[in-house]
Amino acid sequence: MPFPPSKRPPRHCVLCGHPELVDARGLGRFLLVPDPEGRGPICPQLKGCGVQRQRERDNATLTPSPR
Ligand SMILES: [Zn+2]
């Protein structure tokens with residue numbers, strides 16, 4: 001067995017690589033959430049790269065489409 005069952009390695013956000021429940025960048029510890037598009041665990045909306053994603057979505061909503 002590569003890992004003992006009681007100590008699994010943390011999952012990482014598939015978008016930014018943030019380890020789950022580890023305060024790696026001073027962002028705090030938080031659980032990852034499943035990506036709605038099925039890519040894997042990602043930061044929640046209010047933590048880690050989720051904050052940036054939400055900001056981009058807000059900009060996309062506010063900015064009219066170039067087309
Ligand atoms: Zn992330």
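I began with two cysteines: Cys13 is buried, and Cys49 is buried as well. I note that I am working from a predicted model.

I looked up the zinc site next. Four sulfur atoms coordinate the zinc ion: the SG atoms of Cys13, Cys16, Cys43 and Cys49, at 2.2 to 2.3 Å. I then checked the geometry. The angles among the 4 donor atoms run from 108 to 112°, so the arrangement is tetrahedral. For reference, I noted that the ideal angle for four tetrahedral donors is 109.5 degrees.

I wrote down the donor spacing along the sequence as C-x2-C-x26-C-x5-C. I traced one pair, Cys13 and Cys49, which links distant parts of the chain. Cys13 sits in the segment before strand 1 (33–34), while Cys49 belongs to helix 1 (residues 49–62). They are 36 residues apart.

I looked at the nonpolar core. The largest one has 6 residues, and I found Cys13, Cys43 and Cys49 among them. Phe30, Leu32 and Ile42 complete the list.

I listed what Cys43 touches beyond four places in sequence. Its contacts include Cys13, Cys16 and Cys49, along with His18, Phe30, Leu32 and Arg53.

I followed up on His18. Is His18 buried or exposed? I found a relative accessible area of 0%, so His18 counts as buried. His18 lies in the segment before strand 1. A polar atom of its side chain is 3.0 Å from the backbone oxygen of Val22. Setting aside neighbours within four places in sequence, I found His18 in contact with residues including Cys13, Phe30, Leu32 and Cys43. Arg11, His12 and Arg25 are also among the contacts of His18.

Methods
Residues are numbered from 1 along each chain as its sequence is written. This is a predicted model: local features need pLDDT of at least 70, side-chain atom pairs count only at pLDDT 80 or more; totals for chains, interfaces and linings use all residues. Side-chain values use heavy atoms; hydrogens and water are left out. Donors are N, O and S atoms within 2.8 Å of the metal (3.2 Å for Na, K and Ca); water is not among the atoms, so sites may look incomplete. Four donors count as tetrahedral if all angles lie between 85 and 135 degrees; four count as square planar and six as octahedral if opposite donors are over 155 degrees apart and all others between 65 and 115; anything else is irregular. Helices (H or I, at least four residues) and strands (E, at least two) are DSSP runs, numbered from the N terminus. Buried means under 20% relative accessible area, exposed over 50%, partly exposed in between (1.4 Å probe, protein chains only). A polar contact is a pair of N or O atoms within 3.5 Å; within protein, one must be able to donate a hydrogen and the other to accept it, and residues adjacent in sequence count only if both atoms are side-chain atoms. Contact means heavy atoms within 4.5 Å. A nonpolar core is a set of buried Ala, Val, Leu, Ile, Met, Phe, Trp, Tyr and Cys residues joined through side-chain atoms within 4.5 Å.
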